[in-house]
Amino acid sequence: EYQLASSQHQFRILLLGDADVGKTSLLQRYIEGDFGADPPPSSTVGVEFYSRMLQLASGPRIKLQFWDTAGDERYRSITRSFYRNTVGVLLVFDVTNRKSFNHVEDWYQEVASVQGSDKVVFLLVGHKCDLQQARQVSTQEAETLAAVWGMSFLETSAKTNSNVTLAFETLVHEIQQSL
Ligand code: GDP
Ligand code: MG
């Protein structure tokens with residue numbers, strides 16, 4: 001299934017970001033509609049595949065193929081070959097983790113070096129926005145970075161289900177606009 005390339009009716013989308021920023025939880029909230037229902041995935045090993053159908057207003061039915069990668073450096077060489085045929089990337093950082101924000105550029109460059117950044121639609125995602133007290137990255141700072149890179153930015157929480165659907169639908173909408 002994961003051999004299939006992206007097309008107008010099938011989008012391959014990656015979630016990239018450091019370990020523990022909440023990539024798996026974000027995807028689980030979107031696909032399953034829950035948070036922390038299963039014992040938390042200790043640390044995703046390699047790449048996991050998920051899919052769901054989505055139809056935005058007046059658009060075609062699209063199969064979204066998600067690749068949830070491990071942030072672990074050891075798996076980077078595995079995931080690198082998977083960047084091909086990707087049309088959308090959620091660049092995820094944790095708003096309570098400064099380092100994860102600093103590393104977003106590495107993830108961005110890595111995709112750009114394999115795929116060419118012009119062929120991929122990126123969305124910058126500041127996750128765990130429910131943890132306001134522990135925040136280390138301001139909304140404005142992330143908005144500024146996203147503007148420099150020419151991408152949209154949204155803050156999400158899988159815990160409170162804030163902006164989760166909006167984040168995925170924004171990305172899909174922008175992919176459709178880019179085709
Ligand atoms: P991944 O390594 O990027 O896939 O991150 P996980 O999805 O495994 O989440 C890492 C940790 O962050 C887990 O303990 C989750 O329960 C927690 N987490 C994920 N999303 C949120 C969120 O929106 N809010 C809060 N407070 N915690 C979250
Ligand atoms: Mg994970």
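These are my notebook entries on the ligand site and the sheet of this structure.

**Entry 1: the model.** I am working with a predicted model. I looked up the ligand first, then the strands, then the helices that lie across them.

**Entry 2: around ligand 1.** I listed the residues around ligand 1 and found 17. Asp20, Lys23, Ser25, Asp130 and Ala158 come nearest. I then sorted the shell by class. Six residues are nonpolar, five are polar and six are charged. Which helix gives the most to this shell? I found helix 1, residues 23-32, with three residues.

**Entry 3: polar atoms at ligand 1.** I checked individual atom pairs next. Asp130 places a polar side-chain atom 2.7 Å from a nitrogen atom of the ligand. Gly22 uses its backbone: a polar atom there is 2.9 Å from an oxygen atom of ligand 1. Ala158 also has a polar backbone atom by a ligand oxygen, at 2.8 Å. I looked up the cover as well. On its own, ligand 1 has 590 Å² of accessible area, and the protein covers 82% of that.

**Entry 4: the sheet.** I traced an open sheet of six strands. I read the strand order as 2-3-1-4-5-6, and the pairing is mixed. Which strands sit at the edges? They are strand 2 (47-54) and strand 6 (152-156), and each pairs on one side only. From one strand to the next, the twist averages 25 degrees.

**Entry 5: strands 5 and 6.** I took a closer look at this pair. Strand 5, residues 121-127, runs parallel to strand 6, and five bridges join them. I picked out Leu124; its bridge partner in strand 6 is Phe153.

**Entry 6: helices across the strands.** I finished with two helices. Helix 4 (residues 104-115) lies across strand 1 (10-16), strand 4 (88-94) and strand 5. It runs at about 165 degrees to strand 4. Helix 6 (residues 164-178) lies across strands 1, 2, 3, 4, 5 and 6. I noted its angle to strand 5 as about 165 degrees.

Methods:
Residues are numbered from 1 along each chain as its sequence is written. Chains are lettered from A and ligands numbered from 1 in the order in which they are written. This is a predicted model: local features need pLDDT of at least 70, side-chain atom pairs count only at pLDDT 80 or more; totals for chains, interfaces and linings use all residues. Side-chain values use heavy atoms; hydrogens and water are left out. A residue is near a molecule or strand if one of its heavy atoms lies within 4 Å of it. A polar contact is a pair of N or O atoms within 3.5 Å; within protein, one must be able to donate a hydrogen and the other to accept it, and residues adjacent in sequence count only if both atoms are side-chain atoms. Accessible areas come from the Shrake-Rupley method with a 1.4 Å probe; for residues, only the protein chains shown count as cover. Helices (H or I, at least four residues) and strands (E, at least two) are DSSP runs, numbered from the N terminus. Ala, Val, Leu, Ile, Met, Phe, Trp, Tyr, Cys and Pro count as nonpolar, Asp, Glu, Lys and Arg as charged, and the others, Gly among them, as polar. Two strands pair if DSSP finds at least two bridges between them. Axes are lines fitted to C-alpha atoms, for helices over the stretch in contact, and angles run from 0 to 180 degrees between N-to-C directions. Contact means heavy atoms within 4.5 Å.
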